[in-house]
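Visitor: I'd like to go through this one with you, starting with how you sort residue types. Could you take me through it slowly?

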Amino acid sequence: MRKTLLATAIGAVLTLSACSDNTAPTQQATQAAAPEAAAVQEVTVSNPFFKKSTLTYEAPDFNAIKDEHFLPAFEEGMKQHIAEIEAIANNPEAATFENTFVAMEKSGELLTRVSRVFYNLTGTDSNEKRRELQRELAPKMAAHSDNINLNPQLFARIEAVYNARNDLGLDAESLRLVEVYYERFVRSGAKLNDEQKTAIRALNEEHSKLTNQFSQNLLAETANIAVVVDTVEELDGLSASQIAAAAKAAADRGYEGKYLLSITNTTRQPILTSLNNRELRQRVWEASANRAQSGENSNTDIVARLPQLRAERAKLLGYDNWASFTLETNMAKTPSAVFDMLGSMVPAVVENTKQEQAAIQAMIREKGGDFEVQPWDWEYYAEFVRQAKYDLDENEVKKYFEFNRVLKDGVFYYMNRFYGIRFEPRPDLPVYHPDVEAYEVFDADGSSIAIFYADYFAREGKRGGAWMSAFVGQSHLTGQKPVVVNVMNIPKAPDGKPTLISYDHTTTIFHELGHGVHGIFSNVKYPTLAMTAVSRDFVEFPSTFEEDWAQHPEVLGNYAKHYETGEPIPADLLDKVMRSRSFNQGFDTLEYISAALLDMEWHSLPANAPLQNPQEFEAAALKKHGVDLAAVPPRYKSNFFSHSMGGGYSAGYYAYMWSEILAADAFAHVQKNGGLTRENGDHYRKNILAVGNSRPTMDSYKAFRGQEPTTDALLIRRGLKTKID
């Protein structure tokens, strides 16, 4: 009987570590292989990554995983994966969909398993050992990827199937997989000549090292730049809970009797709304805005080199710049489309922001100040303007948004009403940090569909921001169900105290679980097309869509209750909260647009452009687009712009605004057709959340909406229009 391809691949792997059953080795070869085989067997037995987890849906057994397990699993995982790929590439039989594409989808099981756990933990629970290993792995993983993507025999098989794809009788999802693979290999350099492949390998290795170093510098810098405050009097304006948290943070870092204010990931710092001490506000803001510009954690040289490096890679592949290369596979398609979208908003946004600035300047004068508004003043005095305009006290509002109630009576309640799912605690499942909670997700028919981890509180060792990821992907081919995690950085109240959060944090919890259900509801055969594997300017749509449900009357009425009395938020206070949402929209929109334009300008540089001074380049880019308001800096400055420089959103930060167009249009459509109903939820789930990248994203949107989106609902959402024409 002819061996299956999987059996052939397994045999190929075994020949690397022990005697092959199909080989008659000499005595010398047998003796030489025996110690290696014994060593591999010992590692395999003791290392939890070398076999599938027996926990629900292969959830990682964090009780068994130790740092010393990662490197052996990575090394063996890469070895096995390459052996599997070589078996596919060198298969003497003619290339078919099954023996090439399906085989690739099944390959790399061990490497995928350890990678998902390791890279999730380096973002959520980092330590020096993990950071050191991350540095070591960066070039190795880049080389491993190149060894696959630039394999000429493998690409020849991919291309052969691709060229014959329309005559193979493939179903729509299988046809999509062929096209996605072919495009990915071509865009990775599969059609380059040998000299060009050598060049792109070098660029990829350098890129992996620099992006990893950028992220590690920021992680180290976050701990270093926290502001230490000597006296409680300097913290005037903070709540007792905030002061207690600052005291604990200081004690934990060895500053007994002092107070420590941590710096979040954006230029803007939420604590600036409350601090009465202007000098301390300036210290906090400057710690944020000037991070990673000098010293051992400086990102200045990295920021100068990364756009140039990406442009060189794009040129090798036949593109004018990195933005042109990146956007080709996104919904936007071209840099000019992005510049046009952002540029069309700039005049109205800048005008709105200047009106807000005038109101803030007047408030400074009213409060006896004799200075021009600075970035560290904006949010502090904006709160006074907000209070005067809406009679709104943010600390009073927070009393109605207690974290656990928001999550369980808000987000989980809404998910049950709209999609029919429920989240059941799984305290028996091990977690990677005591603050993390595990849940099993059940569908409306009672069937179990996923595991969900909730990791919402800030701590040392966690990178800033909020995101969704997965420990296990979804695939009917492999029989895997999703194991998903949501991560945020909400300041946690001291033990025994309730964690009261802002309405902004509330909507972010809804947002991140929007990403979560994009993974949880995935109903796709092939891993490559599953879950959130869509274009950058589509992936933020499902999450942004969920934000507006936070203010749906039924949903909000179920969770917005006083943390002590349980009384619902008073109607007049709620009305003030909702009306105040349009307040400061100029500032909010301008700081975002500025960052998005900065990202696009960096990645529109041609390959022959000289290295840029980041601060000078940033100033020139903002001035070029008319968004250089000194009091409103970009949401991220270049040296700590993780999305653009260290993350996966290079030439893609615009995607949040692009996705908001889809989200606003979709939400308005749902409200027009019945609102919070299972019928609407099931329709949205089926056509948007369940399909991943198994078809073009605009096809998915039109299947849900019946047409392409318009910008009308977005303009209303941002208070720039009152009704749809």
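Guide: Ala, Val, Leu, Ile, Met, Phe, Trp, Tyr, Cys and Pro count as nonpolar, Asp, Glu, Lys and Arg count as charged, and the others, Gly among them, count as polar. This is a predicted model, in which local features need pLDDT of at least 70 and side-chain atom pairs count only at pLDDT 80 or more, while totals for chains, interfaces and linings use all residues. Residues are numbered from 1 along each chain as its sequence is written, and side-chain values use heavy atoms, with hydrogens and water left out.

Visitor: OK, cavities then. How many are there of 30 Å³ or more?

Guide: There are two of that volume or more. A cavity here is a set of points, on a 1 Å grid over the protein atoms alone, where a 1.4 Å probe fits but cannot get out, and its lining residues have an atom within 4 Å of a point. Points are joined across faces, edges and corners, and the volume is the space filled by probe spheres set on them. By that reckoning the largest cavity has about 60 Å³, and the second largest has about 40 Å³.

Visitor: Which residues line the largest cavity?

Guide: Its lining consists of Thr267, Arg268, Leu272, Trp285, Pro375, Glu379, Phe587, Glu591, Ala631 and Pro633. By class, that gives six nonpolar, one polar and three charged residues. Helices α15 (375-390) and α22 (585-602) each supply at least two residues of this lining.

Visitor: And what is the second largest cavity lined with, by class?

Guide: Seven of its lining residues are nonpolar and two are polar, with no charged residues. The lining residues are Ala304, Pro307, Gln308, Leu605, Pro606, Ala609, Pro610, Leu611 and Gln612.

Visitor: You mentioned α22. What does Ala596, which lies in that helix, touch?

Guide: Leaving aside neighbours within four places in sequence, Ala596 is in contact (heavy atoms within 4.5 Å) with Leu342, Tyr653 and Tyr654. Ala596 is also buried, because its relative accessible area is 0%; buried means under 20%, exposed over 50%, and partly exposed in between, with a 1.4 Å probe and protein chains only. Its C-alpha atom is separated by 9.3 Å from that of Val338, although the two residues are 258 apart along the chain.

Visitor: Stepping back, how many helices and strands does the protein have?

Guide: The protein has 28 helices and seven strands, where these are DSSP runs (H or I of at least four residues for helices, E of at least two for strands), numbered from the N terminus. Along the principal axes, the C-alpha atoms fill a box of roughly 90 × 55 × 50 Å.

Visitor: What radius of gyration would a compact globule of 725 residues have?

Guide: It would be near 27 Å, and the protein has 27 Å, which agrees; the value is taken over C-alpha atoms, and the globule rule is 2.2 Å times the number of residues to the power 0.38. Of the 725 residues, 54% are buried. Among contacts between residues at least 6 apart in sequence, 74% join residues at least 24 apart.

Visitor: What about Leu662, buried or exposed?

Guide: Leu662, which lies in helix α25 (residues 655-672), is buried, because its relative accessible area is 1%. Beyond residues up to four places away in sequence, Leu662 touches Met331, Asp537, Phe538, Phe541, Tyr701 and Pro709.

Visitor: And where is Arg685?

Guide: Arg685 sits in helix α26 (residues 678-689) and, at 16% relative accessibility, also counts as buried. With residues up to four places away set aside, the residues it touches are Tyr419, Ile421, Asp443, Ile449, Phe521 and Ala690.

Visitor: Changing topic to the backbone: what is the phi of Ala292?

Guide: Ala292 has a positive phi of about 60° although it is not a glycine. Most residues other than glycine have a negative phi. Ala292 is placed in the loop between α11 (278-289) and α12 (300-316), and it counts as buried because its relative accessibility is 0%. Tyr57, likewise not a glycine, has a positive phi of about 55°, and its place is in the loop between α2 (27-46) and α3 (70-89).

Visitor: Last one: where is Thr96?

Guide: Thr96 is in the loop between α3 and α4 (97-106), and at 34% relative accessibility it counts as partly exposed. Not counting residues up to four places away, Thr96 touches Phe101, Arg157 and Val161.

How values were computed:
On a 1 Å grid over the protein atoms alone, a cavity is a set of points where a 1.4 Å probe fits but cannot get out, and a pocket is an open set with protein on both sides within 12 Å along at least five of seven lines; lining residues have an atom within 4 Å of a point.
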